[in-house]
Amino acid sequence: MPRLLYVCINDGSDTRINKEIKTLATQFDITYLGIGRDDSQSFVKPFCTQFCLVKGHHKSIPTLAKYFLTFIRLYFSRRYASIHVVNEQLLLIFFPFLWGSRRRVVADIFDSIFLRTESSLIRSLQSLVYRLPKQIIVTDENRKTLVPTKFQSKITVVENYPYAFEDVQPKAAADDELLILYSGSLGVTRGTQLLADLIQLSPKVQVWMIGWVYDDPTRQLSQDPQVTFWGVKTQQETMRLASECDYILSVYETINDNNLNASPNKIYDAIQAQTPVIINAEIKVSQFVAQNRLGYVLESYYEKSPSRLLQQLILQKKNFVFDKMLRHSYTWEAIEDKLIRANL
């Protein structure tokens with residue numbers, strides 16, 4: 001099989017990366033380059049021919065230096081049919097090696113640095129970076145529209161759908177209780193304070209946390225008696241837990257364009273798990289949630305009345321619907337072939 005070099009700064013635990021590696025491994029011998037403290041949660045390792053995890057933190061200068069040298073060693077050690085690079089930062093770092101390369105370079109944009117900043121200088125680099133790859137993968141149609149017109153012909157939309165899920169569990173909370181799933185990247189811009197407020201209001205509010213904790217307030221929340229922290233789980237394990245909850249939290253503070261145009265992966269998870277989301281109205285995809293009755297839409301990320309919200313969440317938690325056609329359409333199995341074609 002042809003060889004593919006998959007370059008990212010994840011340890012192999014990310015759910016999107018997990019799906020991509022499993023799919024690409026059906027067509028390529030994969031060399032994986034990532035960063036992490038250990039490989040105990042590197043779920044992709046069994047699917048890779050070569051798995052290179054640079055030990056350390058992705059913001060540590062010594063770790064990044066070792067990572068850079070490891071890339072150079074891997075890059076020159078063998079011929080790759082495709083080099084799959086996750087996010088624009090790494091395209092910038094490895095630009096001198098990838099520019100003019102005969103290998104097929106694929107950019108996979110999960111979260112765009114150019115949507116996180118108002119700096120015209122940084123945004124001006126986008127045109128330079130996007131000239132490099134043969135294909136640019138984005139996670140939804142909305143993010144495709146945010147790519148400059150001259151690069152639209154390079155775009156492939158590979159939606160962040162979950163695997164089809166049939167193991168839906170009964171809801172764990174009583175009718176007058178509230179159980180919320182808080183998963184993925186966990187931090188103060190993703191709803192930590194809202195959950196802390198709800199917990200303070202009532203002992204009948206419980207939170208299940210799954211994922212990566214990014215700040216001290218969220219770490220404190222994870223230690224609350226009304227919170228269960230499950231650590232990092234595979235997507236299928238997360239879906240099973242999500243199906244037991246009353247809601248999946250999917251809010252984003254309105255601090256940049258990246259958040260306003262957040263990819264709707266938790267909404268797709270909600271459809272499969274048959275668990276509604278909580279999302280704030282500022283996020284563009286909240287319109288899809290409202291139209292399809294997939295969850296509770298907050299008027300604003302900055303909730304002014306947590307007590308009223310708590311009452312409404314309990315009152316409405318059984319009022320949402322999950323159309324069977326949506327469940328069959330929004331699955332990774334339905335679209336994964338687009339990922340393979342982008343790399344061939």
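What covers the buried residues of α11? Let's find out, keeping in mind that this is a predicted model.

Helix α11 spans residues 265-273, and eight of its nine residues are buried, so the helix is largely enclosed by the rest of the structure. If you would like to find them on screen, the buried residues are Lys266, Ile267, Tyr268, Asp269, Ala270, Ile271, Gln272 and Ala273. Their cover includes three strands, β8 (178-186), β11 (247-249) and β12 (277-280), together with the helices α9 (235-244), α12 (286-291) and α14 (324-329). Just after α11 comes Gln274, which takes a positive phi of about 60 degrees.

Now turn to helix α5, residues 120-130. Its buried residues are Gln126, Val129 and Tyr130. Looking down the axis of α5, you would find these buried residues within an arc of 85 degrees, so they line one face of the helix. Ser120 and Leu121, on the other side of α5, are exposed. The cover over the buried residues of α5 includes α3 (88-93), α4 (95-98) and β6 (135-138). Ser124 also lies in α5. Is Ser124 buried or exposed? The answer falls in between: its relative accessibility is 44%, so Ser124 counts as partly exposed. For a sense of scale, try finding Gly56 as well: Ser124 and Gly56 are 68 residues apart in sequence and 31 Å apart in space, C-alpha to C-alpha.

Next, let's see how two helices meet. Two packed helices are described by the angle between their axes and the distance between the axes. For helix α7 (residues 192-201) and helix α13 (residues 306-316), the angle is about 80 degrees and the axes are 10 Å apart. That angle makes α7 roughly perpendicular to α13. On the α7 side, the contact is made by Leu194, Asp197, Leu198 and Leu201, while α13 brings Pro306, Ser307, Leu309, Leu310 and Leu313. Sorted by character, the residues of this contact are seven nonpolar, one polar and one charged.

Finally, a look at the cysteines. A disulfide is a covalent bond between the sulfur atoms of two cysteines. How many disulfides are there here? The count comes to zero, taking a disulfide to be a pair of cysteine sulfur atoms within 2.5 Å. Cys8, for instance, is in no disulfide, and the nearest cysteine sulfur, that of Cys48, is 9.3 Å away. Cys8 is buried, with a relative accessible area of 1%. Cys245 counts as buried too, at 0% relative accessibility.

Terms used
Residues are numbered from 1 along each chain as its sequence is written. This is a predicted model: local features need pLDDT of at least 70, side-chain atom pairs count only at pLDDT 80 or more; totals for chains, interfaces and linings use all residues. Side-chain values use heavy atoms; hydrogens and water are left out. Axes are lines fitted to C-alpha atoms, for helices over the stretch in contact, and angles run from 0 to 180 degrees between N-to-C directions. Helices (H or I, at least four residues) and strands (E, at least two) are DSSP runs, numbered from the N terminus. Angles under 35 degrees count as roughly parallel, over 145 as roughly antiparallel, 65 to 115 as roughly perpendicular and the rest as oblique. Contact means heavy atoms within 4.5 Å. Ala, Val, Leu, Ile, Met, Phe, Trp, Tyr, Cys and Pro count as nonpolar, Asp, Glu, Lys and Arg as charged, and the others, Gly among them, as polar. Buried means under 20% relative accessible area, exposed over 50%, partly exposed in between (1.4 Å probe, protein chains only). The arc is that of the directions from the helix axis to the C-beta atoms.
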